[in-house]
Amino acid sequence: MRIVCPFCGERELGEFTYLGDAKPQRPAPVAGEDAVYEYVYLRDNIAGSMSEHWYHGGGCRAWLKVTRNTLTHEISAVAPAAGAGAAKVGA
Ligand SMILES: [Zn+2]
C-alpha cells in the first residue's frame, strides 16, 4: 500500500504510522465519565470506507486524514489533518 502525502508525494507505507479512526471527537470537559470512556475505548469496526489518522514520521512528520476502504485498502482521499500545516499545500 502506498499513500500520497499532500506535502511529500507518493511514499511507501513504512514511512507512516497508523493512528486509528479519525471520527471520535474529544468530549467537552463537562461531558461526563461515560462520554470519556466511549471516546477513549470504544471504536466502530467498519467494513468499507473509513476516515483514519496517519502520521508521516518518515517524511514531513505531518498528521494526515486518509480515507481508506478497510476491505480493499484502496485510498480515496488524503488530506492534512487539522493543524497539520494545511496552508503549505500547493505552496
Ligand atoms: Zn509527508
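E33 is exposed, with a relative accessible area of 71%, where exposed means over 50%, buried under 20% and partly exposed in between (1.4 Å probe, protein chains only). This residue belongs to helix α1. Its C-alpha atom is 36 Å from that of L13, although the two residues are 20 positions apart along the chain.

The model is predicted, so local features need pLDDT of at least 70 and side-chain atom pairs count only at pLDDT 80 or more, while totals for chains, interfaces and linings use all residues. Numbering starts from 1 along each chain as its sequence is written, and side-chain values use heavy atoms, with hydrogens and water left out.

**Overall fold**

The protein chain contains 1 helix and 6 strands; helices (H or I, at least four residues) and strands (E, at least two) are DSSP runs, numbered from the N terminus. Their order from the N terminus is β-β-β-α-β-β-β. Along the principal axes, the C-alpha atoms occupy a box of roughly 40 × 30 × 20 Å. Of the 91 residues in the chain, 19% are buried.

**Zinc site**

Four residues coordinate the zinc ion: C5, C8 and C60 through SG, and H56 through ND1, at 2.1 to 2.4 Å. Donors here are N, O and S atoms within 2.8 Å of the metal (3.2 Å for Na, K and Ca); water is not among the atoms, so sites may look incomplete. Along the chain the donors are spaced as C-x2-C-x47-H-x3-C. The arrangement is tetrahedral because the 4 donor atoms subtend angles of 103 to 117 degrees around the zinc ion. Four donors count as tetrahedral if all angles lie between 85 and 135 degrees. For four tetrahedral donors the ideal angle at a metal is 109.5 degrees. Two of the ligands can be set side by side for accessibility: H56 is buried at 0%, whereas C60 is partly exposed at 31%.

**Nonpolar core**

The zinc ligand C5 is also a member of the largest nonpolar core, which has 7 residues and includes I3, F16, W54, A62, L64 and V66 as well. A nonpolar core is a set of buried Ala, Val, Leu, Ile, Met, Phe, Trp, Tyr and Cys residues joined through side-chain atoms within 4.5 Å. Strands β1 (2-5) and β5 (63-69) each contribute at least two residues to this core. V4, in strand β1, is partly exposed at 46% relative accessible area. The C-alpha atoms of V4 and the core residue L64 are 10 Å apart, with their positions 60 residues apart along the chain.

**Largest pocket**

The largest pocket has a volume of about 210 Å³. A pocket is an open set of points on a 1 Å grid over the protein atoms alone, where a 1.4 Å probe fits, with protein on both sides within 12 Å along at least five of seven lines; lining residues have an atom within 4 Å of a point. Grid points are joined across faces, edges and corners, and the volume is the space filled by probe spheres set on the points. The lining consists of D21, K23, P24, Q25, P27, A35, E38, Y39, L42, R43 and D44. By type it divides into 5 nonpolar, 1 polar and 5 charged residues; Ala, Val, Leu, Ile, Met, Phe, Trp, Tyr, Cys and Pro count as nonpolar, Asp, Glu, Lys and Arg as charged, and the others, Gly among them, as polar. Helix α1 (residues 33-41) supplies the largest share of the lining, with 3 residues.

**Loop residues and strand β6**

Most residues other than glycine have a negative phi. R61 and H73 have positive values, as tabulated.

| Residue | Phi | Loop | Relative accessible area |
|---|---|---|---|
| R61 | about 60 degrees | between β4 (49-55) and β5 | 59%, exposed |
| H73 | about 65 degrees | between β5 and β6 | 43%, partly exposed |

After the loop that holds H73 comes strand β6 (residues 75-80), in which V78 lies. V78 is partly exposed, with 24% relative accessibility. Its C-alpha atom is separated by 7.0 Å from that of P6, and the two residues are 72 residues apart along the chain.

How values were computed:
Tetrahedral: all angles 85-135°; square planar, octahedral: opposite > 155°, others 65-115°.
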